[in-house]
Amino acid sequence: MRPGVRLGVDVGSVRVGVARCDPGGILATPVETIKSGKGDVDRLVALAAEHEAIEVVVGLPTSLSGREGPAAQAARAFAARLAGRLPQGSVRLYDERLTTVTAESGLRAGGVRGRARRAVVDQAAATVLLQAALDAERLTGNPPGEIVRESS
């Protein structure tokens, strides 16, 4: 397992959820929710600097069959914009199938309802995504997902 803080990012059309892990790469925790649109990449670049992140893991929303639709294309474009602002090789895409469903379920089970749940579900989804990526790296010994190249 490579040492260092990583950020997990769940990209949505309305909000972007952000999580981080400890320097040992053991546990993912929620950080914040960013409004999608103008300034979202700027905020993530600032968060990466603030947390001294070695890597940013962006969720790639594929269908259960593995196909990529419009949401996956949007996540790829977002990740490419982010990769253009961070050190080469520090942005990765990781399959996020069912992370939002898992996050919603966990929040419901924890008694978080309605508007309060909507306010944190993106952070929770980013946490689930990052934890899955960390666990995959620990299990395989390989960095998770695919490296994102800067868009031209």
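This section describes the overall make-up of a predicted model of a protein chain, followed by one helix pair and one glutamine.

The secondary structure of the protein chain consists of four helices and six strands, and these elements follow one another from the N terminus in the order β-β-β-α-β-α-β-α-α-β. Of the 152 residues in the chain, 42% are buried. Among contacts with a separation of 6 or more, 66% join residues that lie 24 or more positions apart in the protein chain. The surface exposed by the protein chain comes to about 7800 Å², of which 55% is supplied by carbon and sulfur atoms.

Helix H1, spanning residues 40-50, and helix H2, spanning residues 70-83, have axes that come within 10 Å and cross at roughly 55°; the two helices are therefore oblique to each other, and the crossing in which H1 passes H2 is right-handed. On the side of H1, the contact is made by Asp 40, Val 41, Leu 44 and Val 45, while H2 contributes Phe 78, Arg 81 and Leu 82. By character, the residues of this contact between H1 and H2 comprise five nonpolar and two charged ones, with no polar residue.

Gln 131 is located in helix H4, which covers residues 114-140. Because its relative accessible area is 19%, and buried means under 20%, Gln 131 counts as buried. When residues up to four places away in sequence are not counted, Gln 131 touches Ile 26, Leu 27 and Ala 28, as well as Arg 138.

Technical notes
Residues numbered from 1 in each chain as written. Predicted model: local features only at pLDDT ≥ 70, side-chain atom pairs only at ≥ 80, totals over all residues. Heavy atoms only, no water. Buried < 20%, exposed > 50% of the residue type's maximum accessible area, 1.4 Å probe, protein only. Contact = heavy atoms within 4.5 Å. Areas by Shrake-Rupley, 256 points an atom, 1.4 Å probe, with all protein chains shown as cover. Axes fitted to C-alpha atoms, helices over the stretch in contact; angles between N-to-C directions. Parallel < 35°, antiparallel > 145°, perpendicular 65-115°, else oblique. Left-handed = near helix turned anticlockwise from the far one by under 90°. Nonpolar A, V, L, I, M, F, W, Y, C, P; charged D, E, K, R; others polar.
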